[in-house]
Amino acid sequence: MDRVKGKVAVITGAGTGVGRACMELFAREGAKVVGVSRTQANLDESLAAVTAAGGEGIVVSADLSTPEGAQKAVDAAVKAYGRVDILVN
């Protein structure tokens, strides 16, 4: 545990499947996670799982196929945690 403690990880596709699993894993390993996906309801479920396990994170609903969506995700991570250390996409 704590392999990425204190790091900030932006994880795309975090609403379901592999992205959600990565979000949960990185949080368990000590990272602050920023989950990104298009569907807010799915993101809320992912964040609930993270926080229920004692992790810390935020979620951002954004379409990463556009530059604006990608910038929204980065801006949210920097605003919340001051930086991005890890990108999982």
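1. Let's start with a charged pair: the side chains of R20 and E45 meet in a salt bridge, at 3.3 Å from N to O. Bear in mind as you read on that this is a predicted model. The R20–E45 pair ties together distant parts of the chain, since R20 sits in helix α1 and E45 in helix α2, 25 residues apart. On the surface question, E45 is partly exposed, because its relative accessibility is 47% and the partly exposed class runs between 20% and 50%.

2. Stay with R20 a moment, as there's a bit more going on around this residue. Its side chain also makes a polar contact with the side chain of E45, at 3.3 Å. What else does R20 touch? Leaving out residues up to four places away in sequence, the list is G13, A14, G15, N42, E45 and S46.

3. How many salt bridges does the count come to? The answer is 3. Another of them joins the side chains of E29 and R3, again with 3.3 Å from N to O. This one, too, links distant parts of the chain: E29 is in the loop between α1 and β2 (32-37), while R3 is in the segment before β1, and 26 residues separate the two.

4. Is E29 buried or exposed? With a relative accessible area of 13%, E29 is buried, because the cut-off for that class is under 20%. Its partner R3 falls in another class: R3 counts as exposed, because its relative accessibility is 67% and the exposed class starts over 50%. So the E29–R3 bridge has a buried residue at one end and an exposed residue at the other.

5. Then there's D85 and R83, which form a salt bridge with their closest N and O atoms 2.9 Å apart. D85 is partly exposed, with a relative accessible area of 35%. R83 is partly exposed as well, at 37%. As a general point, side chains of opposite charge can pair when their charged atoms come close.

6. Now for the inside. The largest nonpolar core has 16 residues, and the members that touch the most other members are I11, M23, F26 and V33. Which elements give two or more residues to this core? They are β1 (8-12), α1 (17-28), α2 (40-52) and β4 (86-88). Helix α1 gives the most, with 4 residues.

7. F26 deserves its own look. Not counting residues up to four places away in sequence, F26 touches V4, A9, I11, A31, V33, I86 and V88. Apart from the core that F26 belongs to lies another one, of 9 residues, with V34, V36, V60 and A73 among them.

8. E24 is worth finding on the model too. This residue lies in helix α1 and is partly exposed, with a relative accessible area of 26%. Setting aside residues up to four places away in sequence, E24 touches A49 and V50. How far is E24 from A80? The two are 56 residues apart in sequence and 18 Å apart in space, C-alpha to C-alpha.

9. Last, a look at the outside. V74, V78 and V84 make a nonpolar surface patch of about 200 Å². Of these, V74 lies in helix α3 (residues 67-81). Why can V74 be part of the patch? Its relative accessible area is 40%, which makes V74 partly exposed, and patch residues need over 30%.

Notes:
Residues numbered from 1 in each chain as written. Predicted model: local features only at pLDDT ≥ 70, side-chain atom pairs only at ≥ 80, totals over all residues. Heavy atoms only, no water. Core = buried A, V, L, I, M, F, W, Y, C linked by side-chain atoms within 4.5 Å. Buried < 20%, exposed > 50% of the residue type's maximum accessible area, 1.4 Å probe, protein only. Contact = heavy atoms within 4.5 Å. Patch = residues over 30% accessible without salt bridge, like charges linked within 9 Å, V, L, I, M, F, W, Y side chains within 5 Å. Areas by Shrake-Rupley, 256 points an atom, 1.4 Å probe, with all protein chains shown as cover. Salt bridge = Lys/Arg side-chain N within 4 Å of Asp/Glu carboxyl O. Polar contact = N/O pair within 3.5 Å; in protein donor to acceptor, adjacent residues only side chain to side chain.
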